[in-house]
Amino acid sequence: MDWTPILISMKTASVSILITFFLGLIIAWIIIKLKNNTLKIILDGIFTLPIVLPPTVVGFFLLYIFGIRGPIGSFFIEFFAVKIAFSWEATVIAAVVMSFPLMYRSARGAFEQVDSNLLDAGRTLGMSEWKIFWKVLFANALPGVISGGILAYARGLGEFGATAMIAGNIAGQTRTLPMAVYSEVAAGNMGDAFNYVIFIVIIAFIAIFIMDYISIHNEKKWR
């Protein structure tokens, strides 16, 4: 069995979760602070859209933007001589875009459950908004935030459709675990495909187990 798809997937998921985690936190914080409900609904729809669209559609938009003729892709080629599409970096972009809604929605939901009186108390004590975010909001919403991060990591690890569109299926470069499963089945190598599937299932089960453990532990804490 070729181990490179596992290594590529783990590397991709690890880098993408670093981006998704903090980006999801900041965007969720900005959204809940908005006073304009219409703008809030529009932005929320945009940030949630990747999770309801078919992954290949999201991949099409990413390819349009980061392809060699796309606005960002052509810019990087012209000024940095760097091709984004069909590179390892493209797998990270696909994983970030597809996993971001899970992190954003989880963080926003956790933030909205924090008692606003705690935030007001922090302001009364003279705390800055940044300190209130980390010391009060984030600290009290931590279980929900961690669950969102775990979900986002698992989603990034299992991303297929958008990755296939923008990164392709290049052995040793962009062939992630889901792409490896597809390739091995297409080639009739069911044994190797089964090994990859088992690995993905184990990771997914561990993610669910950790989320349930955090949820149960948090419920016992507040009883």
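**A walk through an all-helix model**

Let us begin with how the chain meets itself: among contacts in the protein chain between residues at least 6 apart in sequence, 71% link residues at least 24 apart, where contact means heavy atoms within 4.5 Å. This is a predicted model, in which local features need pLDDT of at least 70 and side-chain atom pairs count only at pLDDT 80 or more, while totals for chains, interfaces and linings use all residues. Residues are numbered from 1 along each chain as its sequence is written, and side-chain values use heavy atoms, with hydrogens and water left out.

Now for the overall build. The protein chain has eleven helices and zero strands; helices (H or I, at least four residues) and strands (E, at least two) are DSSP runs, numbered from the N terminus. Reading along the sequence, you meet the pattern α-α-α-α-α-α-α-α-α-α-α. The C-alpha trace spans about 65 × 45 × 25 Å along its principal axes.

Next, the surface. Of the 223 residues in the protein chain, 39% count as buried; buried means under 20% relative accessible area, exposed over 50%, and partly exposed in between (1.4 Å probe, protein chains only). The accessible surface of the protein chain is about 12,400 Å², and 69% of that belongs to carbon and sulfur atoms. These areas come from the Shrake-Rupley method with a 1.4 Å probe, and for residues only the protein chains shown count as cover.

What about charge? The chain carries 16 positive and 13 negative charges, whose mean positions are 7 Å apart. Here Lys and Arg count as positive and Asp and Glu as negative, with His and the chain ends not counted; each charge is placed at NZ of Lys, CZ of Arg, CG of Asp or CD of Glu.

Helix 1 (residues 4–33) is a good place to look closely, and Ser 16 is found there. Ser 16 counts as buried because its relative accessibility is 1%. Leaving aside neighbours within four places in sequence, Ser 16 is in contact with Val 92, Ala 95 and Val 96. Elsewhere, the charged end of Lys 11 sits over the ring of Trp 88, 4.3 Å from its centre. A charge sits over a ring if NZ of Lys or CZ of Arg is within 6 Å of the ring centre and within 35 degrees of the ring normal.

Rings also meet rings: the structure holds 17 aromatic pairs. Rings of Phe, Tyr and Trp (its six-membered ring) pair if their centres lie within 6.5 Å; planes under 30 degrees apart count as stacked, over 60 as edge-to-face and the rest as tilted. Phe 75 and Phe 80 have ring centres 5.9 Å apart and planes at 70 degrees, so this pair is edge-to-face. Trp 134 and Phe 138 also form an edge-to-face pair, 5.0 Å centre to centre with 65 degrees between the planes. Both lie in helix 7 (residues 129–140), four residues apart, about one turn of the helix. Trp 134 is partly exposed at 29% relative accessibility, whereas Phe 138 is buried at 16%. Ring pairs join these two with Trp 29, Phe 111, Trp 130 and Phe 133 into a cluster.

Finally, visit the loop between helix 4 (71–80) and helix 5 (88–112), where Ala 81 is found. Its phi is near 55 degrees, a positive value in a residue other than glycine, and Ala 81 is exposed, with a relative accessible area of 68%. Phe 86 lies in the loop between helix 4 and helix 5 too. Phi of Phe 86 is near 60 degrees, again positive in a residue other than glycine, and Phe 86 is partly exposed at 37%.
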